[in-house]
Amino acid sequence: MLAVSRDGDVVTIELQRPERRNALNEELVGQLREAVVGAASDARVIVLTGQGAVFSAGADLDGVYSQTFLDALMDLLATIETVPVPVIAAINGGAFGAGVQLSLASDLRVMSPESYLAIPAAKLGISVDRWTVRRLAALIGGGPARTILLGAETVSAADAYSFGFANRIGTLADAQAWAESIAKLAPLSLRHLKLVLNDDGTRGAETPEQRKALEAAWNSADAAEARVARQEKRPANFEGR
């Protein structure tokens, strides 16, 4: 489900689960974490991308509701955020939900011109953790973050670039070329800068009210209704319970 390749000091990790549009399940999350940790031990820059027309369709909805998956996903995001080398997300095609979270944990983002992103949690009767909400708002501003989260709207690469989510518009090759130039910079400088940039308050503790609201969404009848509606290929009928 993963391909790892190396060119000099740059390691590219490619999600390869095309039958599920590179959706993340517990096995793939574990493999990706191991690959990131392994690459960070001797590479200078890591590039994350997805095989085919979709970067990642997000969490595999057949397993997303398990606590073990959620714990593994949060551990993966923290790992990407804290490894001592820059990580570039090369976003090809769609990035949804957990795919956007992978991008937020990365240090830089290169989006192909036709790519787009969305966090459709409110369409699924669930929500995302405090770190995701805060990191998105810190990166692109509260207004655009509210559009993506509260409006559950899809954002094009062009708009993502104007918001500041995408650092560059380009292909995987462009992302790898940028990674090669970054790999020539001073590693200790980059490690320090990454530590400071990620010390942005997004990892602060959630309040009891926030935790209660998050758990209420995940355990709600609306979340169960969304799962059934998805299987029956119809719009969900949410009732707020």
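Leaving aside neighbours within four places in sequence, Ala-53 is in contact with Asn-92, Gly-93 and Gly-94. Contact here means heavy atoms within 4.5 Å. The model is predicted: local features need pLDDT of at least 70, side-chain atom pairs count only at pLDDT 80 or more, and totals for chains, interfaces and linings use all residues. Residues are numbered from 1 along each chain as its sequence is written, and side-chain values use heavy atoms, with hydrogens and water left out.

Ala-53 sits in the loop between β3 (45-50) and β4 (54-56). Helices (H or I, at least four residues) and strands (E, at least two) are DSSP runs, numbered from the N terminus. Ala-53 has a relative accessible area of 64%, so it is exposed. The cut-offs are under 20% relative accessible area for buried, over 50% for exposed, and partly exposed in between (1.4 Å probe, protein chains only). Ser-115 is 62 residues from Ala-53 in sequence, and the two are 8.9 Å apart in space, C-alpha to C-alpha.

**Two loop serines**

Ser-106 lies in the loop between α3 (98-105) and β7 (108-111). Ser-106 is buried, because its relative accessible area is 4%. Not counting residues up to four places away in sequence, Ser-106 touches Leu-48, Ile-80, Val-87 and Ala-89.

Ser-220 is placed in the loop between α9 (208-218) and α10 (221-232). Its relative accessibility is 14%, so Ser-220 counts as buried. Beyond neighbours within four places in sequence, Ser-220 is in contact with Gly-125 and Arg-241.

Both side chains make polar contacts, listed below. A polar contact is a pair of N or O atoms within 3.5 Å; within protein, one must be able to donate a hydrogen and the other to accept it, and residues adjacent in sequence count only if both atoms are side-chain atoms.

| Side chain | Backbone partner | Distance |
|---|---|---|
| Ser-106 | oxygen of Leu-102 | 2.9 Å |
| Ser-220 | oxygen of Ala-217 | 2.8 Å |
| Ser-220 | nitrogen of Ala-223 | 3.0 Å |

**Positive phi**

Most residues other than glycine have a negative phi, and most peptide bonds are trans. Arg-21 has a positive phi, near 55°. Asn-22 also has a positive phi, near 60°. Arg-21 is in the loop between β2 (10-15) and α1. Asn-22 is found in the loop between β2 and α1. Are these residues buried or exposed? Arg-21 is at 45% relative accessibility, so it counts as partly exposed. Asn-22 has a relative accessible area of 0%, so it is buried.

**Helix packing**

Two packed helices are described by the angle between their axes and the distance between the axes. Axes are lines fitted to C-alpha atoms, for helices over the stretch in contact, and angles run from 0 to 180 degrees between N-to-C directions. Angles under 35 degrees count as roughly parallel, over 145 as roughly antiparallel, 65 to 115 as roughly perpendicular and the rest as oblique.

Helix α1 (residues 26-40) packs with helix α2 (residues 67-82) at an angle of about 20°, and their axes are 9 Å apart. Therefore α1 is roughly parallel to α2. Residues of α1 in the contact include Val-29, Leu-32, Val-36 and Val-37; those of α2 include Phe-69, Ala-72, Leu-76 and Ile-80. The crossing of α1 past α2 is left-handed. A crossing is left-handed if the near helix is turned anticlockwise from the far one by less than a right angle, and right-handed if clockwise.

The axes of α2 and α3 come within 8 Å and cross at roughly 25°. So α2 is roughly parallel to α3. In α2, Leu-73, Met-74, Leu-76, Leu-77, Ile-80 and Glu-81 meet Ala-98, Gln-101, Leu-102 and Ala-105 of α3.

The axes of α4 and α5 come within 7 Å, crossing at roughly 135°. That angle makes α4 oblique to α5. The crossing of α4 and α5 is right-handed. From α4, Val-133, Leu-136, Ala-137 and Ile-140 meet Gly-142, Pro-144, Ala-145, Ile-148 and Leu-149 in α5.

**The buried face of α5**

Which residues of helix α5 (residues 142-149) are buried? They are Pro-144, Ala-145, Ile-148 and Leu-149. Seen down the axis of α5, the buried residues fall within an arc of 130°, so they line one face of the helix. The arc is that of the directions from the helix axis to the C-beta atoms. An α-helix has 3.6 residues a turn, so residues three or four places apart point the same way. Cover for the buried residues of α5 includes β8 (116-118), α4 (130-140), β9 (155-156) and α6 (157-163).
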